[in-house]
Each structure stands twice: as structure tokens, then as C-alpha cells.
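Biologist: I'm new to this one, so please walk me through it. I'd like to hear the reasoning behind each label.

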Amino acid sequence: MRSKILLTLMMLVATPVLADLERSGPASATFSGKGPAGFKLEGKTEEVTLKDDGKTVVISVPLATLKTGIDLRDRHMREKYLEVEKFPHAVLEVLWTAIQLPEDGKTTTQTVPGKMTLHGKTKDVSVTYTLKRTGDAYEASGKLPLNLKDFDIILPNYLGVTVKPDIETLTSFQFKKK
């Protein structure tokens, strides 16, 4: 009997805190890259998922939903460069202890450490975010510069035009704390 009680207590302690973060409203994730002679490559999706285990906020973007405005380029991006069949998501993890939630009616901006997983590689990153609070609702936006080479992604190239390895990612969403 005593071992059952001890086992139950251990399971309760080991179980993560239930999520107290709920996405509300619209969301978007975008990337932009540059090439020679002013060439720009931009992609966007409105699919962003939030998870919260009480210790870490996890922001996930399904890469197959990114659109650049040109179907053939989208197919090449998904199949050749991002290999979404093998690596379907870009995932950013940030510890709650690093996040500063503003008071009601206030906005905060800060740069925090995180872990980015892309193309099967996880790297330490610095993400700059802005949070605006209205009551129990928050508007969040964050930017994260990435280098495609750090994640072993082949640099997109078409007709001799190669995208530079440094890209900028932006994510925005709304959430409520339960």
C-alpha cells in the first residue's frame, strides 16, 4: 500500500503542469531571404501552434503550409530544400523563466535564449519578442534571424540566383493565460 502511495506521488510530481496558455485570434509566421541584385524571397503561413508544459513555451510551424506566391517555388522549397516529408515542423522552445509578461496596458520587448529545431537540427538561438497585454489577452510578435547553413539546408538556387544563407523569420500570434 505504501509503495502505491509513493508511486502515485512520484507520478504527480513528474507530470508536467497542465498548459495554461491558449492561442486566440489570428497568427502568422513568415520568412524573408535575399539574393543578388535586390532579389527577395518571402514565405508565409497562418498556421502556428502553441504548447505549454508549465516550464517551456513551444511554438511550432508546419513547414508544408508556407507559401511564397509561386506554386513551383513552393514545391521546390518543400521537397528539395526543407524536406518537409522528413522534417515537417520548425519548432522554437523558450523557457517561461526567460519570458517577462507585462502588466495590463503595458508592452515589453526583450531578447531571450531559446532552442530552434529545423531540418532535424537543434541550435541555441536568441529571439527578440514584443508582448502587449490587454486584460488577460496578449499580442505576441517575435523575430529570429537564422542561417540556413546552420541547419544543413541547401541554399535555394534557381537559374543562377542563389538565396543568401541569412534569413529573417517573424512570428505573431495572440494568446491568453488561463
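Biologist: Why does Phe173 count as buried?

Modeller: Phe173 has a relative accessibility of 9%. Buried means under 20% relative accessible area, exposed means over 50%, and partly exposed is in between, with a 1.4 Å probe and protein chains only. So Phe173 is buried. One caution: this is a predicted model, where local features need pLDDT of at least 70, side-chain atom pairs count only at pLDDT 80 or more, and totals for chains, interfaces and linings use all residues. Residues are numbered from 1 along each chain as its sequence is written, and side-chain values use heavy atoms, leaving out hydrogens and water.

Biologist: And what makes Glu168 partly exposed?

Modeller: Its relative accessible area is 28%, so Glu168 falls in the in-between class. Glu168 sits in strand 11, residues 166–177; strands are DSSP runs of E with at least two residues, helices are runs of H or I with at least four, and both are numbered from the N terminus.

Biologist: Which residues does Glu168 contact beyond its neighbours within four places in sequence?

Modeller: Thr30, Phe31, Ser32, Lys143, Leu144 and Pro145, where contact means heavy atoms within 4.5 Å. Lys143 is 25 residues away along the chain, with 7.0 Å between the C-alpha atoms of the two.

Biologist: How many aromatic pairs are there?

Modeller: Two. Rings of Phe, Tyr and Trp (its six-membered ring) pair if their centres lie within 6.5 Å; planes under 30 degrees apart are stacked, over 60 edge-to-face, and the rest tilted.

Biologist: Why is the pair of Tyr138 and Phe175 called stacked?

Modeller: The centres are 4.8 Å apart and the planes differ by 5 degrees, so the pair passes the distance limit and is stacked. Tyr138 is in strand 8 (residues 137–147) and Phe175 in strand 11, 37 residues apart, so this pair links distant parts of the chain.

Biologist: What makes the pair of Phe173 and Phe175 tilted?

Modeller: Here the centres are 6.1 Å apart and the planes meet at 45 degrees, so the pair is tilted. Ring pairs join Tyr138, Phe173 and Phe175 into a cluster.

Biologist: How do you know that Tyr138 is buried?

Modeller: Tyr138 has a relative accessible area of 5%, so the buried label applies. Phe175, at 4%, is buried too.
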